Amino acid sequence: MERMTSYAPAEASERTGLSLDTLRYYERLGLFGPVRRTTGGKRIYSDHDVAWLRLLICLRQAGLGITDLQRFMGSLRNRTNGNAGVVELLESHRDRLRDEIAKMNLALGVLDDKLDHYRGAGDSAQRK
C-alpha cells in the first residue's frame, strides 16, 4: 500500500499559498476534508487534501466564488444524475470566463493601439 505524505498546517499553507485561516475556513465550509487530526487534535493534511486545495485555488482564480465552490462540492457529493450537475456548473462558468477573456482581449487591443499611437506621436513631436 502506498503511503501518503502528511503535512502540518504550516506546511500545507506553504504548499498551497493559502493562509492558515483560509485552510480552516475552507474546511469549515466543507470545500475539502475532513482533515485528519493527531491524537492531540492538531490537523494533519494529506497529499489528497493539498491536491483538492490546489483545485479550489484554480477554480477561485477562474472566478468561482465561495458559493460556486460549495455548489461544486455539493454536486460532487450528490451525483444522483451522474456528473450532470458538475458538468453544468463548470460549463456555465467556463462560458462566463470565455466572455470575460474576450472582453479583456478587446480592451488589450485598444490599449495596444493607443500605445502605438502615442508612441508614434511622441516620436514625431520630438523631431520638430
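Strand β2 (residues 36-37) is joined to β3 by two bridges, and the two strands run antiparallel. Strands here are DSSP runs of E of at least two residues and helices are runs of H or I of at least four residues, both numbered from the N terminus; two strands count as paired if DSSP finds at least two bridges between them. The model is predicted, with pLDDT of at least 70 required for local features and 80 or more for side-chain atom pairs, whereas totals for chains, interfaces and linings use all residues. Residues are numbered from 1 along each chain as its sequence is written, and side-chain values use heavy atoms, with hydrogens and water left out.

Within the β2-β3 pairing, Arg-36 has Ile-44 of β3 as its bridge partner. Five residues lie between the strands of this hairpin, in which Gly-41 adopts a positive phi near 90 degrees.

Strand β3 (residues 43-46) is also connected through two bridges to β1 (residues 6-7), again in an antiparallel arrangement. Here Tyr-45 of β3 is the bridge partner of Tyr-7. The three strands form an open antiparallel sheet in the order β1-β3-β2. Strands β1 and β2 are its edges, each pairing on one side only.

An unreviewed UniProt entry places the feature "domain: HTH merR-type" at residues 6-75; UniProt positions follow the numbering used here, feature names are shortened, and annotations may be inferred rather than shown by experiment. Over residues 6-75, helix accounts for 60% of the chain and strand for 11%, and the end C-alpha atoms are 28 Å apart.
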